[in-house]
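Got your viewer open? Here is a walk through the model, one selection at a time.

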Amino acid sequence: MSDDLFKKITSHAKEYGFVYPSSEIYDGLSAVYDYGPNGVLLKNNIKQYWWKAMVQLHENIVGIDAAIFMHPTVWKASGHTDAFNDPLIDNKDSKKRYRADQLVEDHLAKIQAKIEKEVRKARKRFGDAFDEAKFRAEHPRVQKYAAQIDEISRKLNNALANNDLAALKALIDELEIADPVSGTRNWTDVKQFNLMFQTQLGAVAGSAQHLYLRPETAQGIFVNFNNVLKTARVKIPFGIAQIGKAFRNEIIARQFIFRMREFEQMEMQFFVRPGTEMKWYESWKEKRMHWHRSLGFPADLYRFKDHEQLAHYANAATDIEFRFPFGFKELEGIHSRTDFDLRRHEEFSGRKMRYFDPETRETYIPYVIETSIGLDRMFLAVLSASYAEESLDDGSTRIVLRIPAILAPVQVAVLPLVKKDGLPEKAREIFDRLKWDFQVQYDEKDAIGRRYRRQDAIGTPYAVTVDHQTLTDNTVTLRNRDTMQQERIPADDIPHILNQRLNLKAWLD
Ligand code: ATP
């Protein structure tokens, strides 16, 4: 995968109505995007797939939908007002702004790339006899690079853990990191930058109360803990799930919908008895990976990456990383958050945030396992894993989105072979019958081959074609997007076939 592929996916997403730059007629707004007609369908289907897997299929998980605005003390309690910062640095020549930690991360990635190059060269040289593990463990140059990576990572983690901005700057100087734009090393000092957007409540200047746009949806769940406990008849262990917008004033946001300033999260907080959290952490890791894998993309697109440096509230944390066109990056976080959030809200609000456990007859603040996935990142993962350019036997190429049928924006297209002889009327009849249960698209414009290509390009798994034979025996052809095979079936069988293909149990179980 490559930059080139990423560019193709980005422009395909725009050309076919998935994702547009925000306010484009005014030249766009950086790191903010709008979803088009196919995008909103795909996005809604991803939400549904998550929501059903979490809420509908778990008796002990309920949903909420909290407001984006929250009392400002929420963010004091959660630690965001004081600590939701990224270290930023400016290059004085290019006037470009960077995340200081990411400049070091990029430097590390370059050293890692040198290791991989040595390994590739050796594999070529030694052929079948190549023992990769031994080579990595013993080759002097590889060893030297690996030691450099360890040393730099140690310094970086120390600087971040101790909030030592001077040490971070010193590391950038020591590594002689240059600005990719200007090529110079003329850097400012490193400064902390809070990622929360501020706004104000109320019209009277001066007396207005400062509010934040929420930077995560999780706190809406924590502050409603007592409400849900009282009204939903849930018993520990239980979860609260939510899908909603979050806002972060990201310092750099250059990767399309991977890093946005306004985005959507799908989060679930699972409340457990203290001491059992590791069992539940492992269980949620497994369940969430199963959910990703249920979509049928290749297994090697996913990996776990445990956090080396834990956030102040966590006692274990891992990311499910996905191989995006620009490399493996975080798609979902699974965190064991201890009782940090509920305890802090208890302190700051003066209200008890506790659970009486009828089994142990004890009252305690529950521990929490969180699963947190970015909806937009999931959207990008689906797009990039689905996008394919294929050379066909007739010498032409087709672009096809192999979107899992359960997520496809349009599930079936209904196409009259020609625009005459009563075929459009017959096709309309079939369309009208299917539209109650499925997202259907009717299309009669252009030659049939071009219409198939259009459906391939938006990932429609099935196309039903109505031809002259349909008028006599009520059969149609059903074309499969992936195999391009067509089979002749009775028109009355279409709903049954689609229902089988879109059966949630078949996908998730
Ligand atoms: P990153 O390290 O990439 O900034 P994070 O560790 O800050 O992410 P979390 O706070 O754990 O992310 O948020 C949970 C999920 O929300 C992430 O796994 C990601 O999918 C999504 N997410 C976070 N920030 C953004 C963003 N700026 N744009 C889109 N999705 C995001």
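## Start at a loop

Select Asp446 first: you'll find this residue in the loop between E20 and H15. Check the backbone there, since Asp446 has a positive phi, near 75°, and is not a glycine. Keep in mind as you go that this is a predicted model.

## The sheet next door

Now show the strands around that loop. E20 belongs to an open sheet of 5 strands, with mixed pairing and the order E20-E19-E21-E22-E23. Which strands sit at the edges? They are E20 (440–442) and E23 (486–490), and each of them pairs on one side only. Look along the sheet and you can follow a twist that averages 25° from one strand to the next.

Next, bring in H15, residues 448–458. This helix packs on the sheet and touches E19 (412–416), E20, E21, E22 and E23. Compare directions, and H15 makes about 170° with E19.

For a closer look at one pair, select 462–466 and 475–480: these are E21 and E22, antiparallel and joined over 4 bridges. Click on Ala463 and then on Arg479 in E22, its bridge partner.

## Zoom out to the domains

Colour by domain now. Domain 1 is made of 1–83 plus 207–408, domain 2 is 85–194, and domain 3 is 410–508. If you put a marker at the C-alpha centre of domain 2 and another at that of domain 3, the two are 52 Å apart.

## A 7-strand sheet

Stay with domain 1, which includes 207–408, and display the open sheet that runs E3-E9-E10-E16-E13-E12-E11. Its 7 strands show mixed pairing. E3 (61–63) and E11 (302–306) are the edge strands; each has a single partner strand, so one side of each has no neighbour in the sheet. Neighbouring strands here are turned by 25° against each other on average, ignoring direction.

Pick out E13 (327–338) and E16 (367–374) next: the two run antiparallel, with 6 bridges between them. One bridge to click on joins Thr338 to Val368 in E16. Then add H13, residues 375–386, which packs on this sheet. H13 touches E10 (262–272), E12 (316–324), E13 and E16, and its direction is about 35° from that of E12.

While you're here, find the loop between H10 (225–231) and E9 (238–247), where Pro237 lies. The peptide bond leading from Ile236 into Pro237 is cis, with omega near 0°.

## Into the ligand site

Show the ligand and the residues around it. How many residues are there, and which come nearest? There are 15, and the nearest are Glu250, Arg259, Met260, Glu330 and Leu331. Which strand supplies the largest share of the shell? That is E13, with 5 residues. E10, E13 and E16 each contribute at least two residues to the shell, and these strands are part of the 7-strand sheet you just left.

Turn on distances for the ligand's oxygen atoms:

- Arg248: a polar side-chain atom is 2.9 Å from a ligand oxygen.
- Leu331: here the backbone makes the approach, with an N or O atom 2.9 Å from a ligand oxygen.
- Gly374: again a polar backbone atom, 2.9 Å from an oxygen of the ligand.

With a surface switched on, you can see how much is wrapped up: the ligand on its own has 600 Å² of accessible area, and the protein covers 83% of that.

## Last stop: a hairpin

Finally, select 387–391 and 397–401, which are E17 and E18. They pair in the antiparallel sense over 5 bridges. Click on Tyr387 and you can trace its bridge to Leu401 in E18. Where the chain turns, 5 residues lie between the strands. Gly395 in this hairpin takes a positive phi near 90°.

Definitions and conventions
Residues numbered from 1 in each chain as written. Predicted model: local features only at pLDDT ≥ 70, side-chain atom pairs only at ≥ 80, totals over all residues. Heavy atoms only, no water. Pairing = 2+ DSSP bridges. Axes fitted to C-alpha atoms, helices over the stretch in contact; angles between N-to-C directions. Contact = heavy atoms within 4.5 Å. Domains from an automatic or database assignment. Near = heavy atom within 4 Å. Polar contact = N/O pair within 3.5 Å; in protein donor to acceptor, adjacent residues only side chain to side chain. Areas by Shrake-Rupley, 256 points an atom, 1.4 Å probe, with all protein chains shown as cover.
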